Amino acid sequence: MNLEQNFQSFLSEQAYAVVKAVSQIASDLGQPVFLVGGAVRDLLLGRMSHDLDFVTEGSGLALAQTICEALDGSLTTHERFGTAVWTPPAQLFPNTVDVITARKEIYKTPAALPEVTPSNMQDDLFRRDFTINGMAIRLGGPQHGELLDLYHGQRDLEKKLIRVFHQQSFQDDPTRTFRAARYAGRLGFALADGTKQALINSLNEIKLLSADRVRHELEKTMAEPLPMPMLEILEDLGILKAVDANLVWSDTQRIALAHLDGLLSLELGQSAAKEVSKTYLRLTTWLTNLPQSEETALSITNCLNVSADIRRDIEKVLKVLDASKTLEDLRPGTIEKLLRGLSAAQLTLLQANQQLPKEIKTLIPTYFNRWRLIKTSTDGNTLRQLNLPPGPSYQKILDHLLAAKLNGEINSDSEENEQLTHLVQNIMTENKKSAS
Ligand code: ATP
Ligand code: MG
């Protein structure tokens, strides 16, 4: 099967230019070079691919250097693994490109890094996660464009099946459990019977993954255009539970995530998306919608080693949820105090939260657009000039005035001054009383 036609149809113009240039280099070197992995899968599926991975039987580092010299850009190399990451000039191709030596991998213990030795394409394809990702296309030379499908990847693509190469695969690298759910969800594929059983048999090994690796897999899931089917599969296969008993995906979390995605097209959501990524907001929405006490939230943030920013946002959201339970009224002044200081991202997380009462949620955009911007004319300086001794009474007075202004009880500077005089007098009198 020759796929040169597919290059033209399903690679972006930029990716095609890179593939053509690499093919020419491969021909010139007389070295076997292949396009592998996701790009091949997507080409066969007729989907646009954004990733390019090249493998060579021979020195991957030398090939990467030749590519970089010919096409410019920069190179990061890992001598030990025979891998290089080429960053092409942005105008040529916007993503990084992997260039590696074909290799064999041996996993001595589950979830640890494998022992790597240079090898041929047969071994290099066999070390991969699934048969649909284990195909290659030869570049350059007389067989240019030919599909190398040694393990029935194309058959599995047609049957819509995710299949591992061997029964040990998930134990070797438990991140493949997450990857299986991702491809199944993204492509609407099923796990082949033996693969499903192998995955279930290796759920215990998920605990051996570092928190960072698990989080990275979940972030990749959340970065997908449609993460929900994948999360459902992660739940159904018991992968989430294997990470932490409190990490669940049920109706509450699904509704919250759908709600979040809707919010991102509105004004507040758009401000939030300028502060943090969509992936960040989705992940944090999930974590703040788990059936949790503060302890379970903490256990999950630990087992995913989330960033200090996510931790802080989770804490803020939990705090507001807690305070909302004893809120006395829904007047603007009360809502302003509840939400004061929260970022657009934190406000969006609250809007997507399934525990926060609807009456409060609907006021969040008004807080963000109007109430947040209203200030009193009085500030700390004004209070000092009135000879009020600095202390907690400052915040009390300022809060009181702001609430009164927001609630429409103060409508002008002179009314504010009147209230202020009254408040200061009261405090002075109290101070005198407690001093005597
Ligand atoms: P995507 O479209 O999600 O980027 P991809 O197939 O390009 O899918 P990558 O994570 O970019 O996936 O990895 C590139 C290729 O490297 C895969 O197609 C697969 O062949 C191989 N690979 C990646 N991760 C693993 C893994 N954990 N175990 C085995 N092979 C892997
Ligand atoms: Mg990829």
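**Figure 1. Helix 11 packs against helix 13 in this predicted model.** Let us start with two helices lying side by side: helix 11, residues 228-236, and helix 13. Their axes are 11 Å apart and make an angle of about 165°. That angle makes helix 11 roughly antiparallel to helix 13. The two helices cross in a right-handed way. To find the contact, look for Met228, Leu231 and Glu232 on helix 11, which meet Arg254, Leu257 and Ala258 on helix 13. Sorted by class, this contact has four nonpolar and two charged residues, with no polar ones.

**Figure 2. Helix 13 also packs against helix 15.** Here we stay with helix 13, which spans residues 251-263, and turn to helix 15, residues 278-288. The axes of helix 13 and helix 15 lie 9 Å apart, and the packing angle is about 150°. Helix 13 and helix 15 are therefore roughly antiparallel to each other. The crossing of helix 13 past helix 15 is right-handed. On the helix 13 side, the residues to look for are Gln253, Ala256, Leu257, Leu260 and Asp261. Facing them from helix 15 are Lys278, Leu281, Arg282, Thr285 and Trp286. By class, the contact between helix 13 and helix 15 counts five nonpolar, two polar and three charged residues. You may recognise Leu257, which takes part here and also in the contact with helix 11.

**Figure 3. Helix 14 and helix 19 cross at roughly 125°.** This view brings together helix 14, residues 267-275, and helix 19, residues 344-351, whose axes come within 8 Å. Given their crossing angle, helix 14 and helix 19 are therefore oblique to each other. Their crossing is left-handed. Helix 14 contributes Leu268, Gly269, Ser271, Ala272 and Glu275 to the contact, while helix 19 brings Ala344, Ala345, Leu347, Thr348 and Gln351. By class, five of these residues are nonpolar, four are polar and one is charged.

**Figure 4. Seven strands form an open sheet.** If you trace the sheet from one side to the other, the strands come in the order 3-4-5-2-1-8-9, and their pairing is mixed. Strand 3 (74-78) and strand 9 (147-148) stand at the edges with a single partner strand each, so one side of each has no neighbour in the sheet. Two helices pack on this sheet. Helix 2, residues 13-29, touches strand 1 (33-36), strand 2 (52-56), strand 4 (83-87) and strand 8. The direction of helix 2 makes about 10° with that of strand 2. Helix 4, residues 60-71, touches strand 1, strand 2, strand 3, strand 4 and strand 5 (97-101). The direction of helix 4 makes about 145° with that of strand 5.

**Figure 5. Strand 8 pairs with strand 1 and with strand 9.** This close-up follows strand 8, residues 136-139. Strand 8 runs antiparallel to strand 1, and four bridges join the two. Within this pairing, leucine 35 stands opposite isoleucine 137 of strand 8. Strand 8 and strand 9 are also antiparallel, and they pair over two bridges. Here alanine 136 sits opposite leucine 148 of strand 9, and isoleucine 137 has leucine 147 of strand 9 as its bridge partner. Isoleucine 137 is thus a handy landmark: look for leucine 35 opposite it and for leucine 147 as its partner in strand 9.

**Figure 6. The protein chain is divided into three domains: domain 1, domain 2 and domain 3.** Domain 1 covers 4-158, domain 2 covers 244-373 and domain 3 covers 380-435. Between the C-alpha centres of domain 1 and domain 3 there is a distance of 70 Å.

Technical notes:
Residues numbered from 1 in each chain as written. Chains lettered and ligands numbered in written order. Predicted model: local features only at pLDDT ≥ 70, side-chain atom pairs only at ≥ 80, totals over all residues. Heavy atoms only, no water. Axes fitted to C-alpha atoms, helices over the stretch in contact; angles between N-to-C directions. Parallel < 35°, antiparallel > 145°, perpendicular 65-115°, else oblique. Left-handed = near helix turned anticlockwise from the far one by under 90°. Contact = heavy atoms within 4.5 Å. Nonpolar A, V, L, I, M, F, W, Y, C, P; charged D, E, K, R; others polar. Domains from an automatic or database assignment. Pairing = 2+ DSSP bridges.
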